[in-house]
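Trainee: Got a minute to walk me through this one? I'd like to know how the inside is put together.

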Amino acid sequence: MATKEFKNQKIEHYKKQFENAKVAVVADYRGLSVEEITELRRSLQAQQSDLTVTKNTLCKVAVKGTNFEAIEELMQGPTAIAFGFGDEVASAKVLAKFIKENKKGEILGAVLEGKVLNAQEAQKLASMPSKEELLAKMLGSINSPASGIVYSVNGVMSALVRAINAVKEQKSA
C-alpha cells in the first residue's frame with residue numbers, strides 16, 4: 001500500500017506535467033506489455049512528449065486548478081496520458097500510429113486548450129499535419145506568387161532578348 005508521502009509525490013509529478021503540457025491524450029493501455037509501453041515512451045520522448053501510466057484518483061486530485069480539469073471525464077479504467085510539451089499534434093500522432101501498428105490499446109480522448117476531445121476528435125487531431133508541415137505549406141503558398149512573378153518577368157525579358165538578337169542577326173545578314 002502506498003504511503004501518503006508517495007501519493008503526494010505522485011500528485012506533484014502529475015501537477016507539473018499538466019502545468020507544462022499543451023495537450024494531454026488519454027489512452028487505454030490494456031494489452032500492452034512493459035516493453036511496448038517503454039517503446040511508446042521512447043517514441044513520444046523523441047517528439048517532446050511523455051507517457052505516464054496514471055492512478056486515476058491521484059490524477060484527478062492533481063488536475064484541479066489547471067487547464068486540464070475536464071480530463072476527469074476521460075479517466076475511466078486503466079489509463080495512460082501522453083503529455084505533449086511541444087507540438088500539440090505530435091503526441092496524438094505518435095500514440096495513434098503506435099496503437100495502429102500494434103493493434104493494442106485505444107485512444108479515449110484528449111484535452112487541448114481546456115476543451116475535451118472525444119476519441120474521434122482525438123483521432124482527427126492525430127491525422128492533422130504537424131506544425132512544421134503547416135509552416136512549410138504556408139511558406140510554399142507565400143513563395144508561390146513571388147516565384148510566378150519572377151518566372152513571368154524572366155520570360156518577358158528572355159523574349160525581348162531573343163527579339164533583339166533576331167533583329168541584330170537580320171541587320172547583319
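Mentor: Sure, and let's start with rings. Rings of Phe, Tyr and Trp count as a pair if their centres lie within 6.5 Å. Planes under 30 degrees apart are called stacked, over 60 edge-to-face, and the rest tilted. Keep in mind that this is a predicted model.

Trainee: OK, so which residues do ring pairs link into a cluster?

Mentor: F18, F68, F83 and F85. The count of aromatic pairs comes to 3.

Trainee: How are the rings of F18 and F68 placed?

Mentor: Their centres are 5.6 Å apart and the planes sit at 40°, so this pair is tilted. F18 is in helix α1, residues 4–20, while F68 is in the loop between α3 (56–62) and β3, so the pair ties together parts that are 50 residues apart in sequence.

Trainee: Are those two buried or exposed?

Mentor: F18 is buried, and F68 is too.

Trainee: And what about F18 with F83?

Mentor: That pair is edge-to-face, with 5.1 Å centre to centre and 80° between the planes. It links distant parts of the chain, since F18 belongs to helix α1 and F83 to strand β3, 65 residues apart. Both F18 and F83 are buried.

Trainee: Switching topic. How many residues does the largest nonpolar core have?

Mentor: It has 24 residues, and the ones with the most contacts inside it are V25, L40, L51, L95, I107 and L125. Elements supplying at least two residues each are β1, α2 (34–45), β3 (79–84), α4, β4 (106–112) and α5 (119–127).

Trainee: Which element gives the largest share of this core?

Mentor: α4, with 6 residues.

Trainee: You listed L51 there. What does L51 touch?

Mentor: Leaving aside residues up to four places away in sequence, L51 touches I37, L40, R41, L44, A80, I81 and A82.

Trainee: Where does F83 from the ring cluster fit in?

Mentor: In a second, separate core of 17 residues, which also includes I11, V63 and L74.

Trainee: Now holes. How many cavities of 30 Å³ or more turn up in the whole structure?

Mentor: The search finds 1. Its volume is about 50 Å³.

Trainee: What lines it?

Mentor: The lining is A27, D28, Y29, L32, L40, L51, A80, L95, I99, G105 and E106. Two elements give two or more residues to that lining: β1 (23–28) and α4 (90–102). L40, L51 and L95 are lining residues, and those three are also among the residues with the most contacts in the largest core.

Trainee: What's the split by class for that lining?

Mentor: 8 nonpolar, 1 polar and 2 charged.

Trainee: Tell me about I99, then. Where does I99 lie?

Mentor: I99 lies in helix α4. Its relative accessibility is 15%, and because the cut-off for buried is under 20%, I99 counts as buried. Setting aside residues up to four places away in sequence, I99 touches K104, G105, E106 and I107. As for A163, its C-alpha is 64 Å from that of I99, and the two are 64 residues apart along the chain.

Trainee: Funny that both numbers come out at 64. Next: where is D87, in a helix or a loop?

Mentor: D87 is in the loop between β3 and α4. With a relative accessible area of 12%, D87 is buried. Beyond its sequence neighbours up to four places away, D87 touches S130, K131 and E132.

Trainee: Anything to flag in the backbone?

Mentor: A bit of background: most residues other than glycine have a negative phi. Q48 has a positive phi of about 55° although it is not a glycine. Q48 lies in the loop between α2 and β2 (49–53), and at 53% relative accessibility Q48 counts as exposed.

Trainee: And what is the phi of K103?

Mentor: K103 has a positive phi of about 55° and is not a glycine either. K103 sits in the loop between α4 and β4, and is exposed at 72% relative accessibility.

Trainee: Last one. How accessible is V61?

Mentor: V61, in helix α3, is at 44% relative accessibility, which counts as partly exposed. V61 and E72 are 9.5 Å apart in space, C-alpha to C-alpha, and 11 residues apart in sequence.

Notes. Residues numbered from 1 in each chain as written. Predicted model: local features only at pLDDT ≥ 70, side-chain atom pairs only at ≥ 80, totals over all residues. Heavy atoms only, no water. 1 Å grid on protein atoms, 1.4 Å probe; cavity = no way out; pocket = protein on both sides within 12 Å on 5 of 7 lines; lining within 4 Å. Points joined across faces, edges and corners; volume = space filled by probe spheres on them. Helix = DSSP H or I, 4+ residues; strand = E, 2+ residues; numbered from the N terminus. Nonpolar A, V, L, I, M, F, W, Y, C, P; charged D, E, K, R; others polar. Core = buried A, V, L, I, M, F, W, Y, C linked by side-chain atoms within 4.5 Å. Buried < 20%, exposed > 50% of the residue type's maximum accessible area, 1.4 Å probe, protein only. Contact = heavy atoms within 4.5 Å. Phe/Tyr/Trp six-rings, centres within 6.5 Å; stacked < 30°, edge-to-face > 60°.
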